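Please examine the model shown here with attention to how its helices pack and how its charged side chains pair. The account below proceeds from the helices to individual residues and then to the salt bridges.

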Amino acid sequence: MKRRGKTDADLLKYLDLVQLTYLQVREKGLDAIEDWIDVLSGGEKQRIAMARLFYHNPQFAILDECTSAVSVDVEGSMYQYCRAVGITLFTVSHRKSLWTHHDYYLKFDGHGAYEFGPIEGTQEQFGS
């Protein structure tokens, strides 16, 4: 079936990229209608949000704590996919594991000042 130019195979690819293909079976197919807030775990909701990002394939995305309930390995594969398809990411996060997927950091001190610079060599400075 086609949905806005995407096929079921495309949708399954995005679910596979976020390791959620089991939802097709668990939730009675791609056309299931559920109250997803009650059905999905926090990590599943975050991974569905990333699958939606892949579906829309924007030029850039601003992600705020989008992987806080996702394992580091799944997080890494999702960020690598974004880079591979050319989605520029601006990430708000406390997870240092995401630094490897970015080139620059912007750190606010909470008093109006900030630091901006390349990530290379700064992880030791911020105590990772």
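Within what distance do the axes of helix H1 (residues 8-17) and H4 come, and at roughly what angle do they cross? In this predicted model, the two axes come within 9 Å, and the crossing angle is roughly 135 degrees. H1 is therefore oblique to H4, since only angles over 145 degrees would count as roughly antiparallel. The crossing of H1 past H4 is right-handed. On the H1 side, the contact is made by Leu-11, Tyr-14, Leu-15 and Leu-17, and on the H4 side by Ile-48, Ala-51, Phe-54 and Tyr-55. By class, the residues of this contact of H1 with H4 are eight nonpolar, no polar and no charged.

Helix H1 also packs against H5. The axes of H1 and H5 come within 9 Å and cross at roughly 130 degrees, and this angle makes H1 oblique to H5. Here Lys-13, Tyr-14 and Leu-17 of H1 meet Ser-77, Met-78 and Tyr-81 of H5. The residues of the contact of H1 with H5 comprise four nonpolar, one polar and one charged. Tyr-14 and Leu-17 are among the H1 residues that contact H4, and Tyr-14 and Leu-17 are also among those that meet H5.

The remaining helix pair is H4 with H5. Their axes come within 11 Å and cross at roughly 15 degrees. Because angles under 35 degrees count as roughly parallel, H4 is classed as roughly parallel to H5. H4 passes H5 in a left-handed crossing. Arg-47, Met-50, Leu-53 and Phe-54 of H4 form the contact with Val-74, Met-78, Tyr-81 and Cys-82 of H5. The residues of the contact of H4 with H5 divide into seven nonpolar, no polar and one charged. Phe-54 of H4 appears in this contact and in the contact with H1, while Met-78 and Tyr-81 of H5 face H4 here and meet H1 as well.

Tyr-14 deserves separate attention. Tyr-14 lies in helix H1, and its relative accessibility is 8%. Tyr-14 therefore counts as buried, the limit being under 20%. Beyond residues up to four places away in sequence, Tyr-14 touches Lys-6, Ala-51, Phe-54, Tyr-55 and Tyr-81. In addition, Tyr-14 and Arg-52 are 38 residues apart in sequence, yet their C-alpha atoms are 7.9 Å apart in space.

A second residue to locate is Thr-67. Thr-67 is placed in the loop between strand E3 (60-64) and H5. With a relative accessible area of 1%, Thr-67 is buried. Not counting residues up to four places away in sequence, Thr-67 touches Gln-46, Glu-75, Met-78, Tyr-79, Arg-95 and Leu-98.

Two of these neighbours, Glu-75 and Arg-95, lead to the ionic pairs. How many salt bridges does a search of the whole structure find? The search finds four. One of them joins the side chains of Arg-95 and Glu-75, with an N to O distance of 3.3 Å. Arg-95 lies in the loop between strand E4 (88-92) and strand E5 (104-108), whereas Glu-75 is in helix H5 (residues 72-85), so the pair ties together parts 20 residues apart in sequence. Glu-75 is buried, its relative accessible area being 1%.

Another salt bridge joins Glu-44 and Arg-26, whose closest N and O atoms are 3.0 Å apart. This pair links distant parts of the chain, since Glu-44 is in helix H4 (residues 42-56) and Arg-26 in helix H2 (residues 22-26), 18 residues apart. Arg-26 also meets Glu-27 in a salt bridge, at 2.6 Å from N to O. Salt bridges that share partners thus join Arg-26, Glu-27 and Glu-44 into one network.

Are the members of this network buried or partly exposed? Glu-27 is buried, with a relative accessible area of 9%, and Glu-44 is buried, at 6%. Arg-26, by contrast, is partly exposed, with a relative accessible area of 37%.

Definitions and conventions: Residues numbered from 1 in each chain as written. Predicted model: local features only at pLDDT ≥ 70, side-chain atom pairs only at ≥ 80, totals over all residues. Heavy atoms only, no water. Buried < 20%, exposed > 50% of the residue type's maximum accessible area, 1.4 Å probe, protein only. Helix = DSSP H or I, 4+ residues; strand = E, 2+ residues; numbered from the N terminus. Axes fitted to C-alpha atoms, helices over the stretch in contact; angles between N-to-C directions. Parallel < 35°, antiparallel > 145°, perpendicular 65-115°, else oblique. Left-handed = near helix turned anticlockwise from the far one by under 90°. Contact = heavy atoms within 4.5 Å. Nonpolar A, V, L, I, M, F, W, Y, C, P; charged D, E, K, R; others polar.
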